[in-house]
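Thanks for coming, everyone. I have one structure to walk through today. Please have a look at the screen.

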Amino acid sequence: MKKYYNLFSLFFLLCLCINTSLSQWKTNGPYCGSITCIASSGNKIYAGTFDSGIFMSSDNGNSWSTNNNFHHLISSINIKDNTIYVGTESGLYTSNDEGNSWSEIKINSNTGNVQLIAFNGDDLYVTHGFDGLFLSSDNGKTWTSLKDKMPYNLVSCIAFKGSTIFVGTNSEGVFSSPDKGNTWTKISNDLKIKDIHTLKIIGNTILAGTRYKGVFSSNDNGQSWTDVSHDVLKEGISTIDVIDNNIFVATGENGMFISSDNAATWTEINSGITDKKIITTTTIGKKIFAGTKNGGMFLSTNGGNKWTSVNNGFSNSDIRSIAISGQNCFAATSNGVYITDNNGNSWKAANNGLTNTNITSIAAHKKNIFAGINYVGIYYSSNNGNSWTEVNNGLTHKGINVLSTNGNYVFAGTYGGVYVSDNNGTSWTVSNTGLSNTKVFALSIMDNTILAGTFGGGVFKSTNNGNSWTAINNGLNNLNVRSIKTDGKIIVAGTLNNAFLSQDNGNSWKSITDNIPKNTTKDNTVNSIEIIKNNILLGINNNLFLSPDQGNTWKVINNDIPPKYVMTLTSNENYIFSGLGGRSVWTCPINEILK
């Protein structure tokens with residue numbers, strides 16, 4: 001009998017495991033995002049991201065992958081003897097197995113942001129929070145603080161010339177030390193701009209890139225400096241690199257520049273770069289990799305004459321909103337609009353005509369697509385995103401928080417209330433009658449009922465296409481509404497600390513998140529809501545919850561998704577789409593979610 005019992009138990013566990021494995025989320029993009037630092041070792045390239053850990057490529061950037069187990073803001077990467085050193089918002093970490101596992105290195109008793117990691121032979125220098133520069137000569141086992149020896153401790157960059165250390169600071173220029181940081185000399189007395197962001201030493205020349213205005217050069221170890229920007233490099237400098245006799249300068253606003261005559265002249269080299277806000281660069285042989293603020297990674301193999309996007313696998317895009325029209329799904333990202341017609345298996349950019357790609361909201365009706373950009377306004381496409389036209393006539397408040405459509409009507413929720421267009425955005429009319437709070441963050445429409453969620457004023461309802469509004473807040477004890485959804489039967493409103501349900505068209509509300517599993521979320525803001533076949537889905541902080549019984553019970557359904565903010569949720573007949581802050585769009589078949 002015991003034998004049969006064990007066999008039954010094994011069969012039950014096997015079935016349970018199979019069911020669990022089938023309910024898997026996946027992502028195939030959109031591939032782009034923010035790159036903060038780059039380093040390479042052998043055939044491996046490592047890219048740090050703003051808030052999504054580290055991605056690795058072993059094929060020259062043609063494809064990227066991450067193991068999802070290191071969720072940090074990456075400030076710096078350096079590699080020595082096959083050990084990866086990573087500076088994060090919470091300290092210094094190392095990996096000896098290509099990033100599969102990580103160990104923290106304690107620098108001192110304080111927890112601080114490690115923004116800078118640099119090796120000079122066996123000497124390792126790091127910056128640690130407000131405690132300044134630290135030195136280790138034994139791979140991080142012991143540390144010496146240089147804080148009390150330095151005249152200024154906010155170090156932003158470091159370079160070496162033999163045993164001499166040069167550091168750039170955020171307001172006091174450049175300092176040098178000949179003895180591992182025991183003594184320092186200020187060498188930037190005649191440097192016009194003292195906020196130094198990057199340093200590069202080429203032979204006897206020191207190049208200093210400033211945070212806000214151009215490049216300066218010194219040929220006498222910093223005793224005198226010359227502005228070599230030549231009215232071309234007018235913005236902040238991110239990095240400086242050298243290949244052969246060519247100097248490459250990356251800027252934070254206008255892309256890449258090259259000088260082939262020792263900084264006497266500069267030429268812009270941005271062909272193929274779609275995001276000119278360059279944060280970091282590195283060179284590997286003759287190749288240049290450029291990491292951008294929103295557009296991911298770009299590669300040039302011909303001295304910057306041509307750049308190619310190398311983002312396959314870089315599931316690092318910041319998703320703000322998702323809209324579905326027919327078989328097409330549109331994603332609003334910090335790098336523009338992306339479209340998929342195969343349920344997220346592949347995405348392509350659809351940004352032709354967009355002068356600004358920092359998209360905050362999107363809505364779709366048939367082939368008509370509307371994209372909102374905060375403080376810029378609204379763009380309209382009549383051809384599924386193939387081209388865009390700005391449509392802001394009558395839109396006096398351009399802080400676009402949310403867009404929604406209802407047949408031929410388009411609604412824009414702004415910091416100045418609700419705007420309505422019945423001619424595809426050719427003209428807009430403000431529709432705030434009865435709307436006592438005009439900070440509109442959420443819209444949901446079903447048939448002739450329009451719901452507006454406001455920050456501070458709760459929920460308002462209109463049954464006449466926005467001509468008038470009525471507050472419906474009975475029982476809604478938090479009026480800071482961030483998300484709202486109706487399926488015609490129920491309404492769910494998400495606030496800063498709870499979700500509320502109305503079963504009588506908004507006449508009364510009750511809290512439904514009191515039974516959310518404990519210790520699953522620290523921030524209770526309900527960022528996103530979806531209703532599927534009487535099931536309620538909530539995106540709360542970095543968790544996704546499902547209730548099959550209108551909030552009486554809840555379960556977590558995002559075990560396969562990285563722990564990132566669930567910013568938006570939507571669905572078509574077969575799939576649920578979850579847009580994450582900094583980790584792209586994840587999809588799962590609805591029948592797996594609801595089984």
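I'll start with the whole chain, then move to a few strands, and finish with single residues.

One thing up front. This is a predicted model. Please keep that in mind throughout.

So, the overall picture. The protein has 2 helices and 57 strands. The C-alpha trace spans about 80 × 80 × 45 Å along its principal axes. How does the radius of gyration of the protein compare with that of a compact globule? For 595 residues, a compact globule would come out near 25 Å. The protein has 27 Å, which agrees.

Next, burial and contacts. Of the 595 residues, 55% are buried. Take the contacts with a separation of 6 or more. Residues 24 or more positions apart account for 43% of those.

Now the surface. The accessible surface comes to about 25000 Å². Carbon and sulfur atoms hold 45% of that. As for charge, there are 42 positive and 40 negative charges. Their mean positions lie 5 Å apart.

On to the strands. Let me begin with one sheet. It is an open sheet of 4 strands, in the order β10-β11-β12-β13, with antiparallel pairing. Which strands sit at its edges? They are β10, residues 116-120, and β13, residues 144-145. Each of those two pairs on one side only. Look at the β13 end. Strand β12, residues 133-136, is joined to β13 by 2 bridges, and the two run antiparallel. Phenylalanine 134 stands opposite serine 145 of β13 there.

Second stop: strand β36, residues 368-373. Is β36 enclosed or open? In β36, 6 of the 6 residues are buried, so the strand is largely enclosed by the rest of the structure. Look at the side-chain directions too. Asn368, Phe370 and Gly372 point one way from β36. Ile369, Ala371 and Ile373 point the other way. Both sets are buried.

What does β36 pair with? Take β35 to begin with, residues 361-365. β35 and β36 are antiparallel, with 5 bridges between them. Serine 361 stands opposite glycine 372 in this pair. The two strands form a hairpin with 2 residues between them. In that turn, lysine 366 has a positive phi of about 55°.

Then there is β37, residues 377-381. β36 and β37 also pair in the antiparallel sense, over 5 bridges. Here the bridge partner of glycine 372 is isoleucine 378. So glycine 372 has a partner in β35, serine 361, and another in β37, isoleucine 378. β36 and β37 form a hairpin as well, with 3 residues between them. Tyrosine 375 in that turn has a positive phi of about 70°.

Let me stay with backbone geometry. Most residues other than glycine have a negative phi, and most peptide bonds are trans. Some places here depart from that.

Two asparagines come up. Asparagine 60 has a positive phi of about 60°. It lies in the loop between β5, residues 54-57, and β6, residues 74-80. Asparagine 384 also has a positive phi of about 60°. Its loop runs between β37 and β38, the latter at 389-390. Are these two buried or exposed? Asparagine 60 is partly exposed, with a relative accessible area of 38%. Asparagine 384 counts as buried, at 18%.

And there is a cis peptide bond. It joins glycine 29 and proline 30, with omega about 0°. Proline 30 is in the loop between β1, residues 26-27, and β2, residues 32-33.

Last, two threonines. Threonine 280 is in strand β26, residues 278-284. Its relative accessible area is 8%, and under 20% counts as buried, so threonine 280 is buried. Leaving out residues up to four places away in sequence, threonine 280 touches residues including Ile35, Cys37, Thr239 and Phe289.

Threonine 433 sits in the loop between β42, residues 429-430, and β43, residues 440-446. At 53% relative accessibility, threonine 433 counts as exposed, because the cut-off is over 50%. Beyond its neighbours within four places in sequence, threonine 433 is in contact with Asn467, Ser468 and Trp469. What separates threonine 433 from threonine 470? Along the chain it is 37 residues, and between the C-alpha atoms it is 8.8 Å.

That's my tour. Thank you.

Note on methods. Residues are numbered from 1 along each chain as its sequence is written. Side-chain values use heavy atoms; hydrogens and water are left out. The radius of gyration is taken over C-alpha atoms; the globule rule is 2.2 Å times the number of residues to the power 0.38. Buried means under 20% relative accessible area, exposed over 50%, partly exposed in between (1.4 Å probe, protein chains only). Contact means heavy atoms within 4.5 Å. Accessible areas come from the Shrake-Rupley method with a 1.4 Å probe; for residues, only the protein chains shown count as cover. Lys and Arg count as positive and Asp and Glu as negative; His and the chain ends are not counted. The place of a charge is taken as NZ of Lys, CZ of Arg, CG of Asp or CD of Glu. Two strands pair if DSSP finds at least two bridges between them.
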